[in-house]
Amino acid sequence: AKRLIPSAPDTSHTFSPEMPPLQRLDEAMGVGRRGFCPEARSAAQQRPATEGSRGEVLRVYKWSQFHGKEEVTEFDEAHFATEGLFSQNSSEGHKDYQDRIRAIHLRKKGRQKADIAKDIGRSEKFVAKWWQKEEKEVPRPWGVHEYLAHEMGRNEAGVGATSGASMTEDSVSDTATRWRDVEVRRKFGADPAIYEEILQNTDWKPNTSRTRDFKSGAYHLGYDRYGNIKYEGHQAGKYEQGLSPALDKVMQRLFAEYGIAERASGIITNWYPDGKGYLGSHRHDCWTALFSFGHERILTVDNTPLLMQDGDLCIFGTQRHGVPIMPEVSDGRITVVVFFYPNKMQKKGMWQTISDPDTMAPSKPLVTMLQNRDLVAAAEERALDDSAELQTLIQCGFARDSAEVALRSTGFNVDQAAELLLLMDKPGGALQAAVHSEADKAPSPLIVVAKTVGRGRFKKAAPSEPAQISASPSCCSTAASHGDALLDSTGSDTDEALARRLQLEECGAGPAAVPQDEDAALAMQLQMEMEEQDPTLVAAQFQEYESQFVMEDAETWNGHGDLMHSGLSREHLDIKTMDKATLYSVGHGDMLEKDFWEVLQCHSIRVLYDIRPTDYRGELFSRHQRFSVATLRSQCRSRGIFYKSMPLGRESAYGTLAHIRSDEGRHTLVELVWQGKRKHTAFLGKDEHWQDDPRQVAAELLTEAGHIVEHVRSDGSTQRHETGITYPDWLVREEERLKLVEKKRHAGELGTVQKSRVTRSSEVVAAGLARPAEEVDAMQEMRNAANQKELVIAQRKLARYQRLAEAKGDLATKVLKNTPEWILEDARTQAEWVAKKKMEKEALKSGTGVLEAVDKLEGESPGMPSTSASSSMSRPEHSHSSSACAAAASASIGPEQPIAGAAESELPQPSSHDFPVPVTETAASAEAPTPVPDEAEGPKRRSWRASRRSEATPPA
């Protein structure tokens with residue numbers, strides 16, 4: 001029957017030759033060209049009032065998508081009237097990568113070079129450079145994460161989308177399919193009853209915060225500064241058919257117009273009670289259709305604010321999107337999100353307009369697609385009517401409707417269809433229900449049984465209602481005669497025919513059927529055995545089996561991201577209930593690099609968890625560069641060792657004992673046990689001796705739970721950890737000490753570290769002056785970040801390096817190169833914040849009012865070092881090209897860049913971050929800045945030190 005179905009003709013290619021590139025979403029919506037150049041952005045925000053074609057400004061909203069970045073956007077009449085298909089990108093790097101992939105895709109579709117260049121708005125030279133390559137050969141510009149170069153969906157390791165959408169045989173998941181054009185449909189599902197129906201009938205639960213790994217795309221769980229799970233500012237729920245009859249009609253319209261398979265889509269709901277509810281910017285590994293119901297809220301798509309009103313629909317690919325905080329909104333809003341993977345027909349329209357932008361009436365390409373789909377359905381129906389399989393089942397005495405359902409469920413396999421009909425063909429039984437359920441598009445119980453046929457002689461009786469699987473002897477005899485006829489016609493007793501005959505004999509239709517008295521005796525024996533057993537014991541055994549199955553499901557993990565990202569894992573996994581494992585404890589101390597790796601090799605360590613504590617900034621300080629996080633990650637990768645940094649004992653969480661009691665601490669120990677059950681796993685500490693290292697707390701808790709911990713010495717020998725140790729005093733009082741330090745730091749009373757006489761000696765000072773400054777590649781530091789959390793820490797650290805370099809000048813120990821514009825902006829912000837705090841502190845000491853000191857600071861800010869006025873003297877001219885300068889400058893307006901030095905707030909942290917970067921494939925370099933001379937030190941003193949440093953030679 002499938003061979004008789006004509007295939008849908010290949011309509012037009014992805015782009016029509018006469019169609020120009022689509023208009024950008026930000027320009028069409030009147031919110032300016034965002035995400036590229038600050039000059040263009042500010043000019044767009046200061047749009048002249050004479051532009052009357054867009055109408056009056058109807059809404060003005062304040063919104064914040066990222067920490068410390070508040071924006072104000074005006075929405076005019078044209079914004080609410082504009083709908084259709086638009087292009088949009090996060091940055092110039094993403095646009096470059098997308099156009100490269102598009103050129104390759106269009107070349108495979110048979111397009112010519114000139115047509116491709118016209119379609120994507122590029123030169124023929126650009127197309128000629130990329131169109132002959134394969135997708136995997138295309139380099140990723142800076143800012144385009146590695147997982148975006150993979151195919152959509154889950155890869156072979158199980159890493160990918162967790163949206164609930166499933167792929168079918170017709171689904172398309174190549175890299176080119178990721179970037180679908182953004183489509184906006186106004187009032188697509190406008191119905192005032194939908195919001196209240198979903199709100200009242202949905203079981204709402206808080207949604208955990210998460211971020212993605214930049215390489216694999218796996219998810220990491222979000223924690224606050226104390227180590228507790230961080231929740232998003234909205235409630236999440238599951239969509240079920242019948243919760244809202246009005247929404248069900250809208251969903252059916254969506255599925256029909258866009259050809260989305262309901263059975264292969266995943267649907268969720270999000271509730272934002274007021275303007276404080278938010279959703280961090282993130283991506284999905286599939287296409288998304290998003291409905292908005294209730295009060296109007298902003299939806300950001302690749303940094304572009306789109307004001308969604310009640311009933312609006314937005315369809316996009318893997319673009320970044322999120323819901324920002326809007327403090328002026330007090331009413332609620334619900335989004336219904338449909339995740340799906342495109343099929344071949346949908347892919348043909350992913351980069352071209354398939355609807356008339358004025359009337360939204362179906363255009364000729366869309367009408368052609370729908371006609372082809374109807375023709376295929378009609379051809380399938382005709383092929384089913386004329387199929388020999390259907391006629392065979394009708395001749396056996398089965399009803400036509402039941403036979404059609406059985407054939408569709410078994411893929412036109414007449415043997416399996418006959419078995420299903422024998423099992424389920426009962427008047428008023430499951431098969432008749434299956435026929436009606438197919439007409440209502442509801443899941444058919446027949447399909448459930450079809451999945452169990454052929455898996456064993458007894459597994460076919462799987463349905464919960466025994467009455468639905470009983471077979472009548474008449475049907476069995478009819479099928480038996482048909483089976484004998486098939487056997488005689490073929491002339492050979494095949495295994496399949498023999499199995500079918502034995503199956504029919506079990507139903508009582510053949511000569512080899514078991515006598516009824518033997519059946520009765522066997523049933524009586526089983527009943528007696530069940531009565532002899534204790535019901536409580538039987539129930540306990542089944543409960544134990546169930547718990548084992550649940551534990552297996554909870555421990556199902558691919559090894560990427562966080563194990564406890566799953567709610568099932570958080571609910572059931574604990575180190576006390578998990579199977580016992582053996583783990584190793586190792587500390588590097590002052591060991592040589594060679595000795596350290598030899599120690600790990602002696603014990604065949606394949607997994608290394610770095611649990612060394614960090615400071616209040618979240619940075620890990622190591623006395624030796626060979627044991628830094630970046631170096632260890634690189635070395636482990638080259639040696640085939642899985643490395644993961646999960647610090648225990650952060651200063652912001654008040655030390656190891658307090659941190660390990662939090663959610664993050666417990667989850668880290670669970671991951672260690674999970675890895676230890678499968679591979680030789682070690683956790684890393686700072687000190688060589690475990691008695692002097694905080695890792696003894698983790699070893700103690702693991703041992704108390706029944707696991708084995710072996711402490712590895714520097715010579716390779718081990719010492720088994722015994723429970724009942726007494727923690728040292730410095731570890732017990734750590735929480736109290738860190739809380740006191742935090743109070744002093746906030747009050748500005750924390751003094752500088754007192755240096756010893758050795759570090760203040762003239763020899764040490766001279767050696768420091770003679771040592772050349774360490775150059776830090778800013779772009780490479782950010783590329784080394786594995787996820788959003790590490791990226792934020794790296795940005796703040798680089799901004800601090802830049803601030804200190806501008807303040808100390810030639811005496812700086814670290815200077816940045818390849819510094820993007822937003823790092824310079826953050827450095828200036830840090831300098832202003834530090835100067836303001838110093839002025840407030842001096843005002844409190846001298847008795848001057850704080851407000852007068854702040855006013856004085858603002859009046860003198862143009863003359864302050866490393867601020868806006870001195871930047872013309874201290875900041876060098878960059879050697880960027882014009883395009884690279886524009887791309888680098890775009891980063892300075894990226895809302896995802898945090899302001900260093902600012903206190904933590906309740907604003908959302910980005911959950912999936914794509915930092916904008918220069919699009920040139922070679923790093924843009926910048927010279928070290930020349931600072932303004934310090935008046936207190938004097939120009940002669942500084943010139944003497946500078947000359948001493950330039951004349952000194954670095955030590956061998």
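These exercises, each with a worked solution, concern a predicted model.

**Exercise 1. The open sheet**

Give the strand order of the four-stranded open sheet, and find the strands at its edges.

*Solution.*
Step 1. The order is β10-β15-β12-β13. The pairing is antiparallel.
Step 2. Look for strands with a single partner. These are β10 (279-282) and β13 (304-308), so one side of each is left without a neighbour in the sheet.
Step 3. Add the twist. From one strand to the next, it averages 20°.
Step 4. Check one pairing. β10 and β15 (residues 321-323) are joined in the antiparallel sense by two bridges. Here Leu279 sits opposite Val323 of β15.

**Exercise 2. Salt bridges and burial**

For the salt bridges Asp26 with Arg24, Asp119 with Arg111 and Arg185 with Glu257, state the N to O distance and sort the partners by burial.

*Solution.*
Step 1. Set the scale. Buried means under 20% relative accessible area, and exposed means over 50%; partly exposed lies in between.
Step 2. Take Asp26 and Arg24. Their side chains meet at 2.7 Å. Asp26 has a relative accessible area of 0%, so it is buried. Arg24 stands at 7% and is therefore buried.
Step 3. Take Asp119 and Arg111. Their closest N and O atoms are 2.9 Å apart. Both residues are buried.
Step 4. Take Arg185 and Glu257. The distance is 3.7 Å. Arg185 belongs to strand β4 (residues 182-185) and Glu257 to helix α8 (residues 245-258), so this pair ties together parts 72 residues apart in sequence. Arg185 is buried at 8%. Glu257, at 32%, is partly exposed.
Step 5. Turn to shared partners. Lys95, Asp96, Asp99 and Arg122 are joined into one network of salt bridges.
Step 6. Place these in the total. The structure has 40 salt bridges.

**Exercise 3. Two buried side chains**

Describe the surroundings of His711 and Asp663.

*Solution.*
Step 1. Locate His711. The residue lies in strand β21 (residues 708-712). Its relative accessibility is 2%, so His711 is buried.
Step 2. List its contacts beyond four places in sequence. Among them are Ser585, Trp690 and Ala699. His721 is also one of them. The side chains of His711 and His721 make a polar contact of 2.9 Å.
Step 3. Locate Asp663. The residue lies in helix α24 (residues 663-676). With a relative accessible area of 17%, it falls under the cut-off and so is buried.
Step 4. List its contacts beyond four places in sequence. They are Tyr223, Gly227, Asn228 and Ile229. The Asp663 side chain comes to 3.1 Å from the backbone nitrogen of Ile229.
Step 5. Compare sequence with space. Lys230 is 433 residues from Asp663 in sequence, yet their C-alpha atoms are 9.9 Å apart.

**Exercise 4. Helix α22 and the cysteines**

Name the buried residues of α22 and the elements they pack against. Then report the disulfide count.

*Solution.*
Step 1. Helix α22 covers residues 629-639. Its buried residues are Leu632, Arg633, Gln635 and Cys636.
Step 2. These residues pack against α21 (593-602), β18 (607-610), β19 (642-645), β20 (681-685) and α30 (788-808).
Step 3. Follow the chain out of the helix. Gly640 comes after α22 and has a positive phi, near 75°.
Step 4. Turn to cysteines. Cys636 is buried at 0%. Cys314 is buried too, with a relative accessible area of 0%.
Step 5. Count the disulfides. The whole structure has zero.

Notes. Residues are numbered from 1 along each chain as its sequence is written. This is a predicted model: local features need pLDDT of at least 70, side-chain atom pairs count only at pLDDT 80 or more; totals for chains, interfaces and linings use all residues. Side-chain values use heavy atoms; hydrogens and water are left out. A disulfide is a pair of cysteine sulfur atoms within 2.5 Å. Buried means under 20% relative accessible area, exposed over 50%, partly exposed in between (1.4 Å probe, protein chains only). A polar contact is a pair of N or O atoms within 3.5 Å; within protein, one must be able to donate a hydrogen and the other to accept it, and residues adjacent in sequence count only if both atoms are side-chain atoms. Contact means heavy atoms within 4.5 Å. Two strands pair if DSSP finds at least two bridges between them. Axes are lines fitted to C-alpha atoms, for helices over the stretch in contact, and angles run from 0 to 180 degrees between N-to-C directions. A salt bridge is a side-chain nitrogen of Lys or Arg within 4 Å of a carboxyl oxygen of Asp or Glu.
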